Amino acid sequence: MRVHLPDAAATDALATRLHAVLPADTAGWTLLLEGELGAGKSTFARALILAMGHDGPVPSPTYTLVEPYQLSGRTIYHVDLYRIADEDELRYLGWSELEKGFRLVEWPERAPSLAHAADLRILLSYSNAGRDAEVIALSPRGVDLVSRLEPIAST
Ligand SMILES: Nc1ncnc2c1ncn2[C@@H]1O[C@H](COP(=O)(O)OP(=O)(O)OP(=O)(O)O)[C@@H](O)[C@H]1O
Ligand SMILES: [Mg+2]
């Protein structure tokens, strides 16, 4: 599924709509946020974390690698792999300990093997003054999610 996002508010709105179709239990879900520098990955992540019930700042995990949240019964891990040079470094991050949470991963390109266990890929790209978002299902439950998102994505 592909949708044009003319401004940052549209990126926020897509994240809010995605939240609206998420299942109550998101344990073990992985959402990949891809796109070049400034494509809007953090904008999307912030809007999603706020939609999930967070009240306050959403610091960038660029240096901490992982920022955890406990929000209305959900554990969310906001991950940024920009500074990871080698996939093996995921071990230091304690990646396997994040299994029970909802993993929201910026720069997943740094660890290509993550895609095998992911549910959704959101690919953001520059399009005139705005962005395009491509939402790709990577698992059966991802397919289900996209089918529920598609009808409301550009309303
Ligand atoms: N759909 C959009 N149209 C225009 N500008 C947007 C859109 N979405 C986000 N932006 C703007 O793009 C800028 C960069 O966004 P953001 O920091 O989220 O990108 P990023 O992909 O996380 O970048 P980085 O790779 O550097 O972490 C911000 O100023 C944000 O407001
Ligand atoms: Mg970012």
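How many strands form the open sheet, and in what order do they run? Seven strands form it, in the order 1-7-6-2-5-4-3. This is a predicted model. Helices pack on the sheet, a nonpolar core draws on both helices and strands, and a ligand has its own shell of residues.

**The sheet**

- The pairing in the sheet is mixed.
- Strand 1 (2-5) and strand 3 (66-71) are the edge strands. Each of them pairs on one side only.
- From one strand to the next, the twist averages 20 degrees.
- Strand 2 and strand 5 pair in the parallel sense. Four bridges join this pair.
- T30 has R103, in strand 5, as its bridge partner.

**Helices on the sheet**

- Helix 1 packs on the sheet and touches strand 1 and strand 7. The direction of helix 1 makes about 140 degrees with that of strand 1.
- Helix 4 also packs on the sheet, where it touches strand 6 and strand 7. The direction of helix 4 makes about 135 degrees with that of strand 7.

**The nonpolar core**

- The largest nonpolar core has 34 residues. L104 and I122 have the most contacts inside it.
- Several elements each supply at least two residues of this core. Among the helices that do so are helix 1 (8-21), helix 2 (41-51) and helix 4 (140-149). Among the strands are strand 2 (30-34), strand 4 (74-80), strand 5 (102-106), strand 6 (120-127) and strand 7 (130-137).
- Helix 2 gives the most to this core, with five residues.
- Leaving aside neighbours within four places in sequence, I122 is in contact with L31, L32, L33, E34, F44, A133 and V135.

**A closer look at L149**

- L149 sits in helix 4.
- Is L149 buried or exposed? L149 counts as buried because 20 other C-beta atoms lie within 10 Å, and the cut-off for buried is 20 or more.
- Not counting residues up to four places away in sequence, L149 touches M1, R17, L18, V21 and V135.
- L149 and V21 are 128 residues apart in sequence. In space, they are 6.4 Å apart, C-alpha to C-alpha.

**Around ligand 1**

- Which residues are the closest to ligand 1? They are L5, G40, K41, S42 and T43, out of 15 residues that surround the ligand.
- Helix 1, helix 2 and strand 7 are the elements that give two or more residues to this shell.
- By class, the shell has five nonpolar, seven polar and three charged residues.

Technical notes:
Residues numbered from 1 in each chain as written. Chains lettered and ligands numbered in written order. Predicted model: local features only at pLDDT ≥ 70, side-chain atom pairs only at ≥ 80, totals over all residues. Core = buried A, V, L, I, M, F, W, Y, C linked by C-beta atoms within 7 Å. Buried ≥ 20, exposed ≤ 12 C-beta atoms within 10 Å, placed from the backbone. Contact = placed C-beta atoms within 7 Å. Near = placed C-beta within 6 Å. Nonpolar A, V, L, I, M, F, W, Y, C, P; charged D, E, K, R; others polar. Pairing = 2+ DSSP bridges. Axes fitted to C-alpha atoms, helices over the stretch in contact; angles between N-to-C directions.
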